[in-house]
Structure formats: C-alpha cells, structure tokens
Amino acid sequence: MTINIVLAGPRGKMGTEAVKMISNEQTFNLVACIDRKNNGKYLSDIHPSFHLNIPIYEDAEVCFNEVRPDVFVDLTVPNIGYLHTKIALEQHIFSVVGTSGFNEAQIDDLSLLAEQNNTGCIIAPNFALGAVLMMIFSKIAAKYFPDVEIIEKHHDKKLDAPSGTALKTTEMIKHSRKAKQQGNPDEYEIIEGSRGGNVDGIRIHSMRLPGLVAHQEVVFGSKSQLLSIKHDSFHRESFMDGLKIAINEVIHLKKLVYGLENIMDLY
Ligand code: NAP
C-alpha cells in the first residue's frame with residue numbers, strides 16, 4: 001500500500017531530510033508541501049536537486065481539501081505546527097508531528113480532537129531511535145537512582161527550552177522515581193537560573209551553541225557512583241528511521257500517542 005503524504009516545513013533542516021527520506025521510500029508518496037511562502041510553486045523550485053514536481057501550498061486547509069493525503073507530517077514551529085495538525089485532524093487526516101515545543105494544553109486539545117475523530121496522531125519529541133532508548137533506560141535507572149539531572153545541548157537556532165526530549169524524559173522518569181528533594185535544601189542561586197529548570201525536583205540544564213545538533217545526557221548520582229546515559233544526534237538523518245516508523249504506524253491508530261516508545265516493539 002502506498003501512503004500519500006503532505007509535509008509542512010520542506011525548506012527547514014528536518015523538512016529537507018524528510019523530503020529525501022520520503023522520496024527514497026518505495027511505499028511513501030509525497031503529494032504536496034505546506035510552506036509559509038512559495039504558494040503555487042513546486043518543490044523543485046526550492047530544492048532543485050530533488051527534481052520533484054510537487055505543489056507547495058501556503059494554506060493548510062486548501063492543501064488538505066485539494067490533495068486529501070493519508071498522512072500529514074509537521075516539521076515547522078510550535079504554534080503553526082499546532083494549527084496545521086488541528087486542521088488535519090479535523091479533516092480526519094492521520095498526523096505525525098515532529099515539531100517540538102507544544103504546550104500541555106495544545107497536546108490535550110489535539111488528543112481530544114484525535115479521539116473525537118477516530119484519527120491517529122503521533123507527537124514525537126525525538127525520532128532518533130537511540131534517544132528513545134536513552135529515555136527508556138533513564139526511566140529504568142530512576143527507580144534505583146532518584147537523584148538525577150539532565151543536560152541537554154542543541155544548536156543555537158532552537159526556539160524552545162528545555163527541549164521536548166528533556167521534558168519527555170522527566171515525564172517518563174516521574175513514573176518510576178520516588179518523589180525526592182534533591183540537592184541541599186538551603187541551596188540558593190547567586191545568578192538566577194544557575195541550577196537550571198526544575199521539573200518535580202529534577203534539574204534540566206539547556207545549552208545552545210552553533211556546532212551542536214541534538215544531544216542529551218541524563219546523569220544519576222548515588223553514594224560513590226554516577227551513572228550517565230547519553231545520546232548524540234550528529235545529523236538530522238538520525239531522526240529519519242523514527243519518522244518512517246511513525247508514518248507507517250499512525251495509519252493504524254485512532255487516537256493521539258505521545259512519544260515514539262509507545263509504538264515501537266521494545267520487548
Ligand atoms: P528549521 O530548519 O528552522 O525549519 C523550520 C521550518 O518551518 C522552516 O522552513 C520555516 O520557514 C518553517 N516555518 C516557519 N513558520 C512556518 C509557517 N507559518 N508555515 C509553514 N512553515 C513554517 O528547524 P528544524 O531544525 O528543521 O526543526 C523543525 C522542527 O522540528 C522544530 O520544532 C524542531 O524542534 C523539531 N525537531 C524535531 C525532532 C524530532 O526528532 N522530533 C528533531 C529535530 C528537530 P522559514 O525558514 O521561512 O522560517
């Protein structure tokens with residue numbers, strides 16, 4: 001079966017990799033793209049090396065009405081990605097969201113919409129399979145090592161902090177970690193923010209520098225030992241295997257699933 005796909009964000013770094021992956025996959029068919037410019041042009045106009053005669057739309061609603069894809073993939077920015085996905089789900093189009101930075105209310109809204117429309121949606125803050133495993137290993141470790149801090153490092157063009165992956169990691173850790181006050185109860189910051197963000201007592205430190213792609217280390221401390229679980233994405237192609245899995249799986253879902261680990265065959 002061929003899966004017809006509309007991709008939003010084709011000029012972006014993730015979008016460019018996704019165009020490459022989708023057009024190399026025999027069972028995927030890229031039928032249109034959504035961009036904030038280039039309405040009426042073709043993908044070959046913005047990516048001449050791909051030679052793809054695929055129409056570009058600026059308006060998601062018009063695009064979905066005219067093209068009727070099986071799956072919509074969003075790789076843009078949080079507020080726009082949220083609107084695109086809302087329109088897709090309202091039109092019963094399966095959706096895969098790689099865009100990170102959605103807030104809880106937005107995820108809840110989309111979750112309700114997916115359920116009401118019996119339409120699958122996958123939101124994955126990290127498509128890198130190694131990063132998903134890092135989060136699962138961290139969840140296991142937190143049961144025995146409740147003192148934990150996260151250091152996440154990303155390129156300096158990233159909008160949201162902390163990263164979706166760091167937030168997802170804390171959410172997974174919360175399921176196995178006993179609630180705990182970490183560090184010195186009397187500690188104070190001389191410079192605000194020195195101790196990082198605080199999610200349930202877990203500190204998250206976000207670094208943004210040119211040269212980085214997406215990196216995270218989850219550090220667990222205990223008496224006379226440290227456990228570090230670390231993952232590095234050196235190139236955006238590291239996210240494409242996970243995106244492929246999500247596109248193939250979303251068409252079998254009738255609700256929203258948050259996190260790739262919930263659709264991977266892990267055990
Ligand atoms: P990027 O290079 O900045 O690409 C974002 C693209 O979205 C740009 O082409 C941008 O266009 C476009 N865009 C902005 N506003 C838009 C609108 N109103 N309508 C349509 N397109 C619009 O960023 P990236 O590195 O590709 O990342 C894209 C998203 O994926 C981010 O949210 C990032 O955090 C996330 N991400 C997810 C994963 C994962 O595994 N899930 C991995 C890496 C990144 P302009 O150039 O005109 O602004």
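Here a trainee and a mentor talk through a predicted model, its two domains and its ligand site.

Trainee: Let's start with the layout. Which residues make up domain 2?
Mentor: The protein is divided into two domains. Domain 1 takes 3–123 and picks up again at 237–262. That leaves domain 2 with residues 129–234.

Trainee: How many Å separate the centres of the two domains?
Mentor: Take the centres over C-alpha atoms, one for domain 1 and one for domain 2. The separation comes out at 29 Å.

Trainee: And where they touch, what area is buried between domain 1 and domain 2?
Mentor: On the contact side, 14 residues of domain 1 meet 12 residues of domain 2. Interface size is often given as the accessible area lost when the parts come together. Carbon and sulfur atoms give 67% of the area here, and the total is about 960 Å².

Trainee: Which residues of domain 1 lose the most area to domain 2?
Mentor: Three residues together account for 44% of what the domain 1 side buries. They are Ser 100, Tyr 258 and Glu 261.

Trainee: Which residue forms a salt bridge with Glu 261?
Mentor: Side chains of opposite charge can pair when their charged atoms come close. The count between domain 1 and domain 2 is one salt bridge. For Glu 261, the closest N and O atoms of the pair are 2.8 Å apart, and the partner is Lys 168.

Trainee: Which helix gives the largest share of the domain 1 side that touches domain 2?
Mentor: By class, that side has six nonpolar, six polar and two charged residues. The largest share is three residues, and they come from residues 240–250, helix α8.

Trainee: On to the ligand. Which residue has a polar side-chain atom 3.4 Å from an oxygen atom of the ligand?
Mentor: The ligand has 21 residues around it, with Arg 11, Met 14, Arg 36, Ser 100 and Phe 127 the closest. Backbone atoms reach ligand nitrogen too: Gly 98 at 3.0 Å, and Pro 125 at 3.3 Å. The side-chain contact to a ligand oxygen belongs to Lys 158.

Trainee: Back to salt bridges: how many residues apart in sequence are the parts that Lys 244 and Glu 25 tie together?
Mentor: The whole structure has 15 salt bridges. In the one between Lys 244 and Glu 25, the closest N and O atoms are 3.5 Å apart. Lys 244 sits in helix α8 and Glu 25 in the loop between α1 and β2, so the pair links parts whose sequence separation is 219 residues.

Trainee: Which residue does a cis peptide bond join to Ala 161?
Mentor: Look in the loop between β7 (147–154) and α7 (164–174), where Pro 162 lies. Omega is about -5° for the cis bond, and the partner of Ala 161 is Pro 162.

Trainee: Last one: what is the phi of Asn 38?
Mentor: Asn 38 lies in the loop between β2 and α2. Although Asn 38 is not a glycine, its phi is positive, at about 75°.

Terms used: Residues are numbered from 1 along each chain as its sequence is written. This is a predicted model: local features need pLDDT of at least 70, side-chain atom pairs count only at pLDDT 80 or more; totals for chains, interfaces and linings use all residues. Side-chain values use heavy atoms; hydrogens and water are left out. Domain bounds come from an automatic or database domain assignment. Contact means heavy atoms within 4.5 Å. Buried area is the accessible area (1.4 Å probe) that two parts lose on being put together, summed over both. A salt bridge is a side-chain nitrogen of Lys or Arg within 4 Å of a carboxyl oxygen of Asp or Glu. Helices (H or I, at least four residues) and strands (E, at least two) are DSSP runs, numbered from the N terminus. Ala, Val, Leu, Ile, Met, Phe, Trp, Tyr, Cys and Pro count as nonpolar, Asp, Glu, Lys and Arg as charged, and the others, Gly among them, as polar. A residue is near a molecule or strand if one of its heavy atoms lies within 4 Å of it. A polar contact is a pair of N or O atoms within 3.5 Å; within protein, one must be able to donate a hydrogen and the other to accept it, and residues adjacent in sequence count only if both atoms are side-chain atoms.
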